[in-house]
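User: Could you take a close look at one part of this model for me, the place where the two chains meet? I'd like one connected walk through it.

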There are 2 protein chains.
Amino acid sequence: MSIVGGLPDTEFGRGLAMIECPGRPGVYGTELAERWRLGGAVHGGFLLALAARALSSVLPGHPDPLSISAYYLSAAQPGPAVLHAEVIRRGRTLSHGSVSLGQEGEHGPIERMRVTAAHHDLAAAGNNVRYSAPPPAMPPPERCPVMPRYLDRADILDLLDFRLDPATSGWVDGRPSGQGVLRGWLRMTDGHDPDPLLLLMAVDVLPPVTRELGVEGYVPTIELTAHVRAKPVPGWLCVAHTTRNYAGGYLEEDAEIWDSSGRLVAQSRQLARPVAG
Amino acid sequence: MSIVGGLPDTEFGRGLAMIECPGRPGVYGTELAERWRLGGAVHGGFLLALAARALSSVLPGHPDPLSISAYYLSAAQPGPAVLHAEVIRRGRTLSHGSVSLGQEGEHGPIERMRVTAAHHDLAAAGNNVRYSAPPPAMPPPERCPVMPRYLDRADILDLLDFRLDPATSGWVDGRPSGQGVLRGWLRMTDGHDPDPLLLLMAVDVLPPVTRELGVEGYVPTIELTAHVRAKPVPGWLCVAHTTRNYAGGYLEEDAEIWDSSGRLVAQSRQLARPVAG
């Protein structure tokens with residue numbers, strides 16, 4: 001992939017383009033394209049990557065999200081959006097910032113997402129692995145079935161090459177396992193190699209684990225926090241969704257991503273509220 | 001326990017007392033007592049409970065934290081502190097807010113913690129458990145050893161009656177298991193029954209899981225997000241710390257808390273940076 005303005009010249013890289021408003025440092029305009037739509041909203045993981053990109057610009061020397069938390073306030077729609085990025089604290093190894101993403105509504109601006117994050121320079125972080133969960137045992141991608149187009153109005157799915165682990169793909173044939181695990185192999189169809197910003201989208205882009213629990217329909221995220229722990233190497237990503245708590249109408253869902261070297265490069269946890277399909 | 005001003009008349013309840021600054025809605029003064037100290041700082045879980053308490057005041061009808069995320073910016077010290085609570089959005093079933101906790105430093109105010117949260121009314125939430133991790137098998141509290149005073153300058157430990165699961169207590173005798181699990185039974189010595197605010201402290205008050213990995217010393221939190229999923233019943237809490245990723249100098253640590261009825265009432269995940277002891 002070739003690089004344009006610091007971002008790869010891919011669908012994903014071009015989707016993260018933004019323009020700083022003249023005379024308003026930290027305020028960026030962007031266009032949310034239909035291709036990032038999943039159901040009735042622009043995909044929350046894509047918005048998270050946008051927020052991290054805005055923070056990179058206001059936190060020089062600390063381009064990479066280490067921990068980033070998003071609260072989703074209302075459903076973002078394709079069209080123009082504005083990001084307000086603010087520095088909370090600049091430090092030597094870590095800097096903190098917040099981002100608000102807004103869109104114009106009929107009656108004035110509407111906040112879609114509020115983000116807080118700790119950024120650093122991943123290249124300067126250590127690589128010593130003291131303790132790590134190994135990647136799950138799955139057949140190689142070429143022996144895993146391609147995920148069917150399981151949702152309408154989900155343009156973002158065209159950008160994903162997702163191969164289902166047969167052990168957690170019963171939901172496709174109406175035979176969900178009843179276990180809180182759903183996993184497989186992921187790569188982008190636009191040639192975008194894994195990088196820290198892509199990981200922020202990848203932690204939330206699989207079908208929700210509720211499918212393997214026999215529950216269809218959308219699972220809008222209320223809050224999601226992601227940790228990016230290492231720069232992923234090129235190749236397939238192994239992505240696993242699990243839950244340990246679906247109760248009282250809310251779902252906790254964890255994602256883990258291993259790169260093709262077997263390194264656990266990202267983790268996330270979200271709280272979501274499944275709605276009938 | 002008796003109730004004073006909406007909070008139980010216990011050490012923990014009195015510790016959460018705050019006064020709204022006249023003419024400045026959402027701004028609260030409080031005194032951080034030495035008894036909440038753990039190592040070189042006031043305990044982060046206690047500060048999180050303070051933040052949720054402040055948010056309860058600005059989000060009427062939605063007293064309970066559902067998901068709450070804290071970024072710790074600098075070490076809070078015993079003494080006066082100010083909380084600035086702001087409403088992000090008021091909704092029908094969920095409301096969102098943010099809190100900044102600051103203290104006066106030599107050269108002006110210093111921000112200690114930035115919090116974002118989604119609040120609701122736990123009493124109005126459903127109780128249907130669709131899928132849940134069961135509590136771990138442990139001997140009853142009376143057959144579990146009392147946690148030794150493993151840290152100096154840790155006044156908060158006097159308020160905890162923590163009984164160690166023998167299966168994960170090897171660290172006490174210098175024989176850590178090498179596994180990323182540390183768990184036991186917890187109750188307060190001040191008679192404070194479990195409630196949503198106590199859960200916010202409880203998710204971060206056990207010895208860090210690094211002890212069972214043979215690593216001593218403090219483990220300061222960079223970011224912690226907690227989900228409170230049900231009102232706990234009175235009695236012992238079963239608390240488990242686990243990690244799946246200690247690498248590059250950073251540690252991910254998850255906490256799960258079951259109440260004495262066996263309900264998974266709270267979960268948290270934090271990113272921390274262990275320092276030599």
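Analyst:
**Where chain A meets chain B**

Arg269(B) and Asp254(A) pair their side chains in a salt bridge, at 3.4 Å from N to O (a side-chain nitrogen of Lys or Arg within 4 Å of a carboxyl oxygen of Asp or Glu). Between chain B and chain A the count is four salt bridges. Bear in mind that this is a predicted model, where local features need pLDDT of at least 70, side-chain atom pairs count only at pLDDT 80 or more, and totals for chains, interfaces and linings use all residues. Residues are numbered from 1 along each chain as its sequence is written, chains are lettered from A in the order in which they are written, and side-chain values use heavy atoms, with hydrogens and water left out.

Zooming out, 57 residues of chain B touch 57 residues of chain A (contact means heavy atoms within 4.5 Å). The copies meet through the same surface, because 100% of the interface residues of chain B are also interface residues in chain A. Together the chains bury about 4700 Å², 51% of it on carbon and sulfur atoms (accessible area, 1.4 Å probe, lost on being put together and summed over both). To lay chain B on chain A, you rotate by 180 degrees with 0.0 Å of shift along the axis, giving an RMSD of 0.0 Å (least squares on C-alpha atoms of residues with pLDDT of at least 70 in both). The two copies are thus related as by a two-fold rotation axis.

Arg269(B) also turns up in the lining of the largest cavity, along with Glu223, Thr225 and His227 of chain B and Glu223, Thr225, His227 and Arg269 of chain A (a cavity is a set of points on a 1 Å grid over the protein atoms alone where a 1.4 Å probe fits but cannot get out; lining residues have an atom within 4 Å of a point).

Definitions and conventions. 1 Å grid on protein atoms, 1.4 Å probe; cavity = no way out; pocket = protein on both sides within 12 Å on 5 of 7 lines; lining within 4 Å. Buried area = accessible area lost by both parts, 1.4 Å probe.
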